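Please read the points below with the structure open beside you. They are meant for a colleague who has not looked at this structure before.

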Amino acid sequence: MGLPAVSQSALCFLLVWSLSFVNGYIPTTLEGPFKPFTAPLNFSILGNVTDLPDTDARLQRPDLDFQPEQISVSLSSNYDSVWISWVTGEFQIGDYIEPLDPDLIASFVQYGVFGSGFNYEATGSSLVYNQVYPYEGLQNYTSGIIHHVLLTGLDPNTLYEYQCGDPYIPAMSSVHYFRTMPSQSNDYPSRIAVVGDLGLTYNTSTTFNHLISNHPDLVLLVGGLSYADLYLTNGTQSDCYSCSFRETYQPRWDYWGRFMQPLLANVPTMLIAGDHEIEEQAESQTFVAYSSRFAVPSEESGSSSTLYYSFNAGGIHFVILGPYISYDKSSDQYHWLEWDLSNVDRTVTPWLIAAWYPPWYSTYKSHYREAECMRVEMEDLLFYYGIDIVFNGHVHAYERSNRVYNYTLDPCGPVYITVGDGGSLENLDIEHADEPGNCPDPSTTPNNYIGGFCAFNFTSGPATGKFCWDEQPDYSAYRESSFGHGILQVENETHALWTWHRNQDKFNTAGDIIYIVRGPDRCPV
């Protein structure tokens, strides 16, 4: 099968990227499986990772009290609807907090097709959330007023302009823009950026700038967002990452939302909850900040939880899963997933892409086989319905697999890509489980929130009788410990170009590049 013709918008990027490869040649997954490769460690990029200071200008709130801030755009389940979210008013933190009244400020979005003016107006709902702790001495938090407005009846693949806020104060935002997704099965977003574990460090800033420079039409953030859980409630860094109860510094969410606004307010961005978003508080409440601050199409896609949902982007159906909520075969999530996948028409959305936070197929020592119970429960279902690509975060490095199913090379299995390399404060993961002395004790691998113990010794293949391989596993095609981000360009129903960009290079230089090729004739679903 030959390489596809690429769109004009992608051609200029390909011309630059191809300079990194001999004769501009780009491999395809049809040529795999590839011999495992580990990129040499670049020691010059290692060192202390430092958070941006609270005084950074990009983290400051607007001068006007109720000026909209932390603005974001996210997709509904289909092309004709998007969510606009933002915050007004200041948070409070301390021993005594008094939540703002959400009814103080109206939730309006004025919008229209770019160049035609604000011909439409939509209203929505608002809320505040609290982060309250069951222990004395910890500072409680109450948010500003968070607004969510759903815009409906939009045209596909169309540039819109909008402003949000309360026109009666008046306190409206500046003008922002977003482009809706295509509606046709043979049309796709030009570029989809994928990254996880951003945090708010100087490395995050580099990742952010490079990602924006690659002009994505859609962004997928695969967990590990603000990293507010690495701070105590007094704003100082925590040194107790393994404590049974971890307090958080919720203003980090506000800083993160302000920092990310130039991207999130103008490019539809879909967020995924990782373990840093759990943020347990009084009465065992979890994921409150994540679920309150961001709009995801849970209800529109038939889900009962913000932790798992699905949506379409042209000829791609995305499925977002939640490892930190029940996922076994009797769970609501599993039944929803089975229902969702069974209703996908591959003639309308040929591509199926799944994403969740902890990877199933990572060869790094950090989080090695941590989500094994989830894999045992769900992998057969994903394989049966022919998932093409899986994106994960959590491990702070980059890794791309060969096509794999049940730890065995399989031409019909998905390509698993770990991109937890956004720049988080926890630094890069550099040790591999297959290196001498690095194989973890199996009893240390389960995550309490994922639950269960399923990571037993392998019973077949080169690692039979062992918990880890003695060399880089054959399912691991490429791995590298560098900060960066990825770009996916789906060209047609069978070919998608994947490029990964490390931070120490120019933004348009690919550190890893491959055509991921679907084989509907070879692997019917």
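The numbered points that follow take up cavities, salt bridges, the surface and the backbone in turn.

1. Status of the model. This is a predicted model. The remarks below should be read with that in mind.

2. Cavities overall. Searching the whole structure turns up five cavities of 30 Å³ or more. The largest cavity holds about 90 Å³ of space, and the second largest has a volume of about 50 Å³.

3. Lining of the largest cavity. The residues around the largest cavity are Gln70, Ile71, Ser72, Ser85, Trp86, Val87, Trp253, Trp256, Gly257, Leu264, Arg293 and Phe294. Three elements give two or more residues to this lining: β2 (69–75), β3 (82–88) and α3 (251–264). The largest share, four residues, comes from α3. Sorted by class, the lining has seven nonpolar, four polar and one charged residues.

4. Lining of the second largest cavity. Here the lining consists of Arg369, Glu370, Glu372, Cys373, Thr445, Pro446, Gly451, Gly452, Phe453, Cys454 and Ala455. By class these residues divide into five nonpolar, three polar and three charged. Two of the lining residues, Arg369 and Phe453, come up again in later points.

5. Salt bridges overall. Side chains of opposite charge can pair when their charged atoms come close. How many salt bridges does a search of the whole structure find? The search finds 22 salt bridges. The next three points look at some of them.

6. Arg252 and Asp51. The side chains of Arg252 and Asp51 form a salt bridge, with an N to O distance of 3.5 Å. Arg252 belongs to helix α3, whereas Asp51 sits in the loop between β1 (37–38) and β2, so the pair ties together parts that are 201 residues apart in sequence. Are the two partners buried or exposed? Arg252 is buried, at 2% relative accessible area. Asp51 also counts as buried, at 12% relative accessibility, because the cut-off for buried is under 20%.

7. Asp388 and Arg346. A salt bridge joins Asp388 and Arg346, whose closest N and O atoms are 3.1 Å apart. Asp388 is in the loop between α6 (372–384) and β20 (389–392), and Arg346 is in the loop between α5 (332–342) and β19 (351–355), so this pair ties together parts 42 residues apart in sequence. Asp388 is buried, with a relative accessible area of 6%. Arg346 is buried as well, with a value of 16%.

8. The network around Glu69. Arg61 and Glu69 meet through their side chains in a salt bridge of 3.9 Å, N to O. Glu69 is buried, at 3% relative accessible area, while Arg61 counts as partly exposed, at 22%. Both residues belong to a network of salt bridges that links Arg61, Asp65, Glu69, Glu90 and Arg258.

9. A nonpolar surface patch. Phe114, Phe118, Val175 and Tyr177 make up a nonpolar patch on the surface; together they have about 340 Å² of accessible area. Phe114 is located in the loop between β5 (108–113) and β6 (120–123). Its relative accessibility of 47% makes Phe114 partly exposed.

10. Two cis peptide bonds. The bond from Gly32 to Pro33 is cis, with omega near 5°, and Pro33 lies in the loop between α1 (8–17) and β1. Another cis bond joins Ile169 and Pro170, with omega about -5°. Pro170 is in the loop between β11 (159–166) and β12 (171–172).

11. Positive phi outside glycine. Tyr227 is not a glycine, yet its phi is positive, about 60°. Tyr227 is placed in the loop between β15 (218–221) and α3 and counts as buried, at 2% relative accessibility. Arg369, from the lining of the second largest cavity, has a positive phi near 55° and is likewise not a glycine. Arg369 is in the loop between β19 and α6 and is buried, at 6%.

12. Two C-alpha distances. Asn140, in strand β9 (residues 140–142), is buried at 14% relative accessibility. The C-alpha atoms of Asn140 and Thr248 are 9.6 Å apart, with their positions 108 residues apart along the chain. Ser443 lies in the loop between β24 (415–419) and β25 (476–480) and is exposed, at 56%. The C-alpha atoms of Ser443 and Phe453, 10 residues apart along the chain, are separated by 8.0 Å.

Conventions:
Residues numbered from 1 in each chain as written. Predicted model: local features only at pLDDT ≥ 70, side-chain atom pairs only at ≥ 80, totals over all residues. Heavy atoms only, no water. Patch = residues over 30% accessible without salt bridge, like charges linked within 9 Å, V, L, I, M, F, W, Y side chains within 5 Å. Areas by Shrake-Rupley, 256 points an atom, 1.4 Å probe, with all protein chains shown as cover. Salt bridge = Lys/Arg side-chain N within 4 Å of Asp/Glu carboxyl O. Buried < 20%, exposed > 50% of the residue type's maximum accessible area, 1.4 Å probe, protein only. 1 Å grid on protein atoms, 1.4 Å probe; cavity = no way out; pocket = protein on both sides within 12 Å on 5 of 7 lines; lining within 4 Å. Points joined across faces, edges and corners; volume = space filled by probe spheres on them. Nonpolar A, V, L, I, M, F, W, Y, C, P; charged D, E, K, R; others polar.
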